[in-house]
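Take a look at the model below. The questions that follow ask how each label was earned.

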Amino acid sequence: MGMAASQARYLALVARKSNCEFEGQQINQARTALSNQSANLFNQMLGLKVPVPPSTQDYTKIQYSYSDGINASVITDWKQIGGANPDYNYVVTHSYNTKKYTGSLKKLSDPQVQFPQDAAKISDIQAKRELVIAAENTYKQAVEDYNKAVEEYNKALADKTTLKNYAETDPVNVTSISTDPNGNYVVNGATYYNYENLADKTAVDNAINTLMGQGALPSTFNKKDLYFDGTNIAFKSDLETVRTAGSGDLTVYTPDTIENQKIALNNAVITAEATKNLAEQTMKTTQAAYDEAIKAYNELQHPTYVGNCELTPVATLTSDQEAELKQILKDFKEQGITSELSNCIKEDGTYTGGIYTFKLNGVTYYTTYNDLWNSYSSGTGNNQIDGQTKLPYYNATYIDTKIEKTERALVETDGSGRFTSIRFEDDSVTYKLNAETITDEAAYNDAMNQYNYENAVYDKMVQDINAKTSIIQHEDQQLELRLKQLDTEQNALKTEMEAVQKVVKDNVEKTFNTFGG
């Protein structure tokens, strides 16, 4: 090999060796960076908080409850009162669930309210409604008059068949009454002799027979209880009542007045019956007028349908409807809700008309003419049923409601500190407390769901760190392999450089030997 060629080859080998050394340095720097990244990932993993599953003990507590015979109540919170108080030692919060009758307003989307082309105006409906009210009031008065006439008629019949009212004369006003040694009564100076004391019983027997024949006296009475003053007959029980009082009205029976009384009582029955019959006829007439007014009201062209639900105008309220609507308005007033419903019922509860009912999913709801018209008039398309605004509608129903109250109470405990009984400041009854250990399953399930979420996040972060670490390890292995290749290449270059260096040295020596002679 020539000198120049050897030197060129040596320089090329030096350059390649320098490049290998430089690349090796770069690889070492890259491996150092990967090592730092791996350390950071390891520190990141060490910094992760390992999720801990919840314990049911953390959501388990003692719950106290009692019953007042109507509601089952639960004590939800209690705080001890500071200082000495002989009457109350805790402030207690207790609650129970009940169904509360509650009015509600809902709004129906796309109601599709339908009106006939010749629908009556609200003013016409109102006028017909007023006729219904007038006819209803007249009919109610006729019913009241009829019931009163029936009552008077029944009383006349009872008077006709009742013993004392049938036979008695005007009662004797007693100002003085006493008994004599023989057991007779002295009334206002006149002596009423006991039947047994009469020497001649003919007159009183005739009077008794007359009264019995006319139905004034029953056949079962005891003659020993009768007293006779020569004209009038009196019962001992009536005499004794007046004698005990010292004065008063004494009921007496006089045969001479029976026929006149029978005539008067019969006339009273006849008169009462005629009054009853007239009242009955008036009631039927006013009922027909009332029915006719309702018919005329219902025959007006009202709004007909809400979607597929038929609308029914309410001419007069039943007691159930009145109670439901009053509840709705009461709740609306308390909540500050305004509605067209209040325009149909006055403050005093008088119904002025304009309410309609319809059934939706088997439940009866209320709405008003104005609500229906507002929705209908906002519509477009055929019959204006498209794009209508929401329709307000109303009802009242029983809603599950939690009733909670906080008040002072006297709580008694046993030797272990557990509550045994309670008496509230607004209640004189002491209630026995039932203690039971309960677990808040909902809170525990929420905590378990949170744990599962956090555990999934933790596993995902660990997996991500492991994946990144695996990538770094793979890259480090590739760099290490390349470093070994460079080391092998560098050793080969070193060997070849030594060989070329020896060749150059030998050529130099030969040259000096040749020319140095």
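Q: Why is arginine 408 called partly exposed?
A: In this predicted model, arginine 408 has a relative accessible area of 35%. Partly exposed lies between the 20% limit for buried and the 50% limit for exposed, so arginine 408 fits the label.

Q: What makes arginine 408 and glutamate 425 a salt bridge?
A: Their side chains meet at 3.4 Å, N to O. The cut-off is 4 Å between a side-chain nitrogen of Lys or Arg and a carboxyl oxygen of Asp or Glu, so the pair counts.

Q: Which parts does the pair of arginine 408 and glutamate 425 tie together?
A: Arginine 408 lies in strand E17, and glutamate 425 in the loop between strand E18 (419–424) and strand E19 (431–432), so the pair ties together parts that are 17 residues apart in sequence. Glutamate 425 has a relative accessible area of 30% and is partly exposed.

Q: How do you know that arginine 243 and glutamate 240 form a salt bridge?
A: The N to O distance between their side chains is 2.5 Å. That is within 4 Å, so the pair qualifies.

Q: Where do arginine 243 and glutamate 240 lie?
A: Both are in helix H5 (residues 236–245). They sit 3 residues apart, about one turn of the helix. Arginine 243 is partly exposed at 36% relative accessibility, and glutamate 240 is partly exposed at 25%.

Q: Why is lysine 79 called exposed, and aspartate 77 partly exposed?
A: Lysine 79 has a relative accessible area of 52%. Exposed means over 50%, so lysine 79 earns the word. Aspartate 77 has 32%, which falls between 20% and 50%, so it is partly exposed. The two side chains meet in a salt bridge of 2.7 Å, N to O.

Q: How many salt bridges does the structure hold?
A: It holds 13.

Q: What makes the phi of aspartate 110 worth a remark?
A: Its phi is near 45°, a positive value in a residue other than glycine. Most residues other than glycine have a negative phi. Aspartate 110 lies in the loop between E3 and strand E4 (113–114). Its relative accessible area is 46%, so it is partly exposed.

Q: Why is asparagine 361 called exposed?
A: Its relative accessible area is 77%. The label needs over 50%, so asparagine 361 is exposed. This residue lies in the loop between E15 and E16. It has a positive phi of about 55° although it is not a glycine.

Q: How do you know that the span of helix H7 is close to the expected one?
A: H7 (residues 319–335) has 17 residues and reaches 24 Å from its first C-alpha to its last. The expected span, at 1.5 Å a residue, is 24 Å. Just after H7, glycine 336 takes a positive phi of about 70°.

Q: Which residues of H7 are buried, and what do they pack against?
A: Among them are Leu325, Ile328, Leu329 and Phe332. The buried residues of H7 pack against strand E3 (90–108), strand E15 (355–360), strand E16 (363–368) and strand E17 (391–413).

Q: What makes up the lining of the largest pocket?
A: The lining has 13 residues, divided into 4 nonpolar, 4 polar and 5 charged. Leu329, Lys333, Ser342, Ile345 and Glu347 lie nearest the centre. The pocket volume is about 350 Å³.

Conventions:
Residues numbered from 1 in each chain as written. Predicted model: local features only at pLDDT ≥ 70, side-chain atom pairs only at ≥ 80, totals over all residues. Heavy atoms only, no water. 1 Å grid on protein atoms, 1.4 Å probe; cavity = no way out; pocket = protein on both sides within 12 Å on 5 of 7 lines; lining within 4 Å. Points joined across faces, edges and corners; volume = space filled by probe spheres on them. Nonpolar A, V, L, I, M, F, W, Y, C, P; charged D, E, K, R; others polar. Helix = DSSP H or I, 4+ residues; strand = E, 2+ residues; numbered from the N terminus. Expected span 1.5 Å × (residues − 1). Buried < 20%, exposed > 50% of the residue type's maximum accessible area, 1.4 Å probe, protein only. Contact = heavy atoms within 4.5 Å.
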